[in-house]
Amino acid sequence: MNEVKKTKKPLIYYYVIVLIALLLINFLAMPWLAGRQIQEVDYSTFTDMAENKEIGSVEIQQQENRILFTDKDGTRIYETGMVGDPDLTDRLNESGAKFSGQIVEQMSPVLSFLLSWVLPIVIFVGIGQYISKKLMQRAGGANSMAFGMGKSNAKIYVKSSEGIKFSDVAGEDEAKENLTEIVDYLHNPEKYREIGASMPKGILLVGPPGTGKTMLAKAVAGEADVPFFSMSGSEFVEMFVGMGAAKVRDLFKQAKEKAPCIVFIDEIDAIGKKRDGQVGGNDEREQTLNQLLTEMDGFEENSGVILLAATNRPESLDPALTRPGRFDRRVPVELPDLKGREEILKVHAKKIKLQGGVDFNKIARMASGASGAELANIVNEAALRAVRDKRSVVTQADLEESIEVVIAGYQKKNAILTNEEKKVVSYHEIGHALVAAMQSHSAPVQKITIVPRTSGALGYTMQVEDGNHYLMTKEELENKVATLTGGRAAEEIVFGSVTTGASNDIEQATKVVRAMITRYGMDEHFDMVAMETVTNQYLGGDTSLACSAETQTQIDRQVVQLVKTQHEKARQILTENREKLDELAQYLYEKETITGEEFMKILNS
Ligand code: ADP
């Protein structure tokens, strides 16, 4: 940031000024305007002065119950109260005072009206205007445009030697390769100009949250050694209509002055959402978007300004924004694969003190599906755990435990399960693990535990895949469902009753089976027809049904059927291996946490 902000005075400052102004008007200006100062004296002073013939003129104000009089020269005015003096008239006659009509001139009614009514209103309106102007300036940032509104508050990260480089972003090789071209262009635009090639004006980074999109944008600026303007889409949209558009104009003006440079707009979907033409749409957002589109058309190709934008919801963007000539290049930034996860862990592990011989591959396998941000969090949790245990280095165990913390929350140290509950949980978890192990296609178990977690899980079985899995067969999915039902199946076989502990399993199993039928075409009955569409690919993958009500009924029936079949299969596997089930459950009950190796040893013994 190279912008120096003026210190802003608090609102109370202005109110105090108003108060002082009003007091001054009331106590000083009004009496001055109303007339000369009047001195109050007692009645005996009045009679003495009358006797000594020192009174110039006199005015008796019956209604006000007072007598006003002046000295001989008429320079001073005195006031005294009426005391019901019967000799008053004689006294005054003798003193030779003149009875004048008016000693103190009354203010003209027009002036009095102006002073008492119009002036305060004018002052109030003036001050109100001033304050609201100040407030608008605050909302709008600096103060160059009308009322100071409409300046972008884009942060400027001016090139610095410790800027983020591509080497700080682990994995994401495809994205990096794509962006290297931009860096090369920013270094040497002539090379491209000579041939007549032009760089895309805008590049859209799309992917799930926490995969390093912001980092990549910063890395491009760092590698190219150019200024980096960063703004979030939501920062454009303000309370006042028209402000966003002004901000866009200003951002581009600044960027053109600083070219070559990179402008990064995070969460661009906040302004770039499809204009749906509904009555009463969001005017401010649409105006902002229109301005952005116009600005993008306005700057020439090869002007040296490169626009990067990031979003988790590419499908919601306005087509005008993604057409050629605008954000026409799309760089996917996906969740890291096994190798990517391992590299990200290593990058972040450089920042902490690590014991030798840590197996990053194993940790990366355990953290399947984790994003870059989650992996960074896992490493940090491990370091925190080491500090908590008063150790000076982070160990493999710290890292493994922190994965569980990120997945399932912290251990609940003081949650006390009854022996009966503990037994049920042991059987439930062994049920999962045993079904998984007995089906040849299932991944081996890594760890089973019945230590309650803050997420509410009373225990869990951690499965770890050997390598990357890009495709899953129908059998693998079915086995997964069978494994999920294994916990409940064990409870049924051993205790003859069921508990609430399987709610999460039920939810997951239903989700898998539903997807098999409606999206993967794995049911003979429906063949290859899509019954559901994914609406939010990178944010949880919500789906919406696209079929008739009758078909929905049939789908529901098929889902129930498929889950039932797998549940039955799990029950059969466990019944056939009842001895092992008892033995393993007893072992887990005693030890509370067992590893995959221990499990396999007992299973194979
Ligand atoms: P996004 O913009 O995609 O939501 P960020 O770029 O803000 O994600 O990443 C958040 C944090 O996650 C980063 O500060 C970094 O610590 C970590 N991170 C994410 N991806 C990576 C990666 N590929 N390599 C190293 N760290 C990463």
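Trainee: Is Lys 247 buried or exposed?

Mentor: This is a predicted model: local features need pLDDT of at least 70, side-chain atom pairs count only at pLDDT 80 or more, and totals for chains, interfaces and linings use all residues. Numbering starts from 1 along each chain as its sequence is written, and side-chain values use heavy atoms, without hydrogens or water. Buried means under 20% relative accessible area, exposed over 50%, partly exposed in between (1.4 Å probe, protein chains only). Lys 247 has 0% relative accessibility, so the verdict is buried.

Trainee: Which residue offers its backbone oxygen to the side chain of Lys 247?

Mentor: Lys 247 is in helix H9 (residues 243–258). Helices (H or I, at least four residues) and strands (E, at least two) are DSSP runs, numbered from the N terminus. At 3.0 Å from a polar atom of the Lys 247 side chain lies the backbone oxygen of Glu 235.

Trainee: How much of the ligand's area does the protein bury?

Mentor: Start with the backbone N or O atoms. One of Ala 170 lies 2.8 Å from a ligand nitrogen, and one of Met 215 lies 3.0 Å from a ligand oxygen. Taken alone, the ligand exposes 560 Å² (Shrake-Rupley, 1.4 Å probe), and the buried share is 78%.

Trainee: Which helices each supply at least two residues of the ligand shell?

Mentor: There are 16 residues around the ligand (a heavy atom within 4 Å). Among those that come nearest are Lys 213 and His 348. The helices are H7 (213–224), H13 (338–349) and H15 (372–388).

Trainee: Is Glu 429, listed by UniProt for "active site", buried or exposed?

Mentor: The listing comes from an unreviewed UniProt entry, and such annotations may be inferred rather than shown by experiment. Glu 429 is in helix H17 (residues 419–438). Beyond its neighbours within four places in sequence, its contacts (heavy atoms within 4.5 Å) include Tyr 460 and Leu 588. Its relative accessibility is 5%, so Glu 429 counts as buried.

Trainee: What is the relative accessible area of Lys 53?

Mentor: Lys 53 is not a glycine, yet its phi is positive, about 55°. Its place is the loop between helix H2 (43–51) and strand E2 (55–61). Lys 53 is partly exposed, because its relative accessible area is 45%.

Trainee: What is the relative accessible area of Lys 390?

Mentor: Lys 390 has a positive phi near 60° and is a residue other than glycine. It sits in the loop between H15 and helix H16 (396–408). Lys 390 counts as exposed, because its relative accessible area is 75%.

Definitions and conventions. Polar contact = N/O pair within 3.5 Å; in protein donor to acceptor, adjacent residues only side chain to side chain.
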